[in-house]
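Hi everyone, thanks for having me. I'd like to walk you through a few spots in a structure, so have a look at it with me.

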Amino acid sequence: MMEIVDAYAHCGLNKYTPIEDVRAVMKTAGVSCAVLVQHMGEFDNSYIADIAASDPTCFAGVFLVDSSSVTAVEDLKKEARSGVFKGIRFTVDVFKNSPQLCQAAVDEGLIIVLYAPDGIAEHVEILDAFLNLNPSCRLVITHLGNPDLGEGPGFESYKSVFTLARYAGVYYQVSGMKMFCPYPHRELYSLIGEAVEAFGVSRLVWGSNYPVVGDDEDYMKDLHLLREKKLPLPEQTIKEIAGNNAHRLWFSDTN
């Protein structure tokens, strides 16, 4: 039986949806584990911390700190050393403006969940420099690196992201497709196919981006694309991308 791990979902009390809704859609979809990622602008991570602490085999937590705060590094270390969180979410600008914060994340053994709201292409150089200095860094490029569909179908400038695949700790996440184009997201298929070639089978992961993806039906439809071999992925890779890779990255020390 194929294990499904949702490597990117949101929950919250003030924005998005409570954890009960996430559990419900996971159950309907047959998803065994999920990574709960803090939403932008929320620096009180206690809700996700409580969930991850109470059920660490099912949920991994990703926190956020205010990178502009003078206590950002101390705040990061406090959350990291709580033993609850597995990762921290950064925008690409943090690598330019607060490199000491990125360094602290690596030093604390955190997985960096990277969000590039305006696209990753123009930031590849600075990311490459950081990764070159920190080869042990584990970094997940979320939402396909936020490609610009205006560049399609070739996506020539975007393709520089694939040069980061030479770092063994960099993962590429198939998530957030609805943010760029409607279901079934065919405009993105060429990028997904090239990502497999660049990153290999073992460093691609799937995430729902729930509830940004939409309602439960939208969740199921996107998962169906992966599970039923609708995306341009070799059939033998589906189990790895759907669950095995994310389980190894986020949950291997809880078994």
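Let's start with His-123, which sits in the loop between strand S5 (111-115) and helix H6 (124-133). Just so you know, what you're looking at is a predicted model. So, is His-123 buried or exposed? His-123 has a relative accessible area of 13%, and because buried means under 20%, His-123 counts as buried. And what does His-123 touch, if we skip residues up to four places away in sequence? The answer is Val-92 and Asp-93.

Okay, on to another histidine. His-143 is in the loop between strand S6 and strand S7. With a relative accessible area of 2%, His-143 is buried. The backbone is worth a look here too: His-143 has a positive phi, about 50°, even though His-143 isn't a glycine.

Stay in that loop for a second. Pro-153 also lies between strand S6 (138-141) and strand S7 (170-174). The peptide bond leading from Gly-152 into Pro-153 is cis, with omega near 0°.

Where else do we find a cis peptide bond? Go to Tyr-210 and Pro-211: the bond from Tyr-210 to Pro-211 is cis, again with omega near 0°. Pro-211 belongs to the loop between S8 and H8.

Asp-215 is in the loop between strand S8 (204-206) and H8 as well. How accessible is Asp-215? Its relative accessibility is 43%, and since partly exposed covers the range between 20% and 50%, Asp-215 counts as partly exposed.

Now zoom out to the surface around Asp-215. Which residues gather there in a patch of negative charge? They are Glu-20, Asp-21, Asp-215, Asp-216 and Glu-217. Two elements each give two or more residues to this negative patch: helix H1 (19-29) and helix H8 (216-227).

One last stop, past H8. Lys-229 lies in the loop between H8 and helix H9 (238-251). Like our second histidine, Lys-229 isn't a glycine but has a positive phi, and for Lys-229 the angle is about 65°. Is Lys-229 buried or partly exposed? Lys-229 is partly exposed, with a relative accessible area of 42%.

So if you'd like to click through this yourself later, try the two buried histidines, His-123 and His-143. Then find the cis bonds going into Pro-153 and Pro-211, and finish on the negative patch, with Asp-215 as one of its residues. That's my tour, thanks for listening!

How values were computed. Residues numbered from 1 in each chain as written. Predicted model: local features only at pLDDT ≥ 70, side-chain atom pairs only at ≥ 80, totals over all residues. Heavy atoms only, no water. Patch = residues over 30% accessible without salt bridge, like charges linked within 9 Å, V, L, I, M, F, W, Y side chains within 5 Å. Areas by Shrake-Rupley, 256 points an atom, 1.4 Å probe, with all protein chains shown as cover. Salt bridge = Lys/Arg side-chain N within 4 Å of Asp/Glu carboxyl O. Lys, Arg positive; Asp, Glu negative; His and termini not counted. Charge placed at Lys NZ, Arg CZ, Asp CG, Glu CD. Helix = DSSP H or I, 4+ residues; strand = E, 2+ residues; numbered from the N terminus. Buried < 20%, exposed > 50% of the residue type's maximum accessible area, 1.4 Å probe, protein only. Contact = heavy atoms within 4.5 Å.
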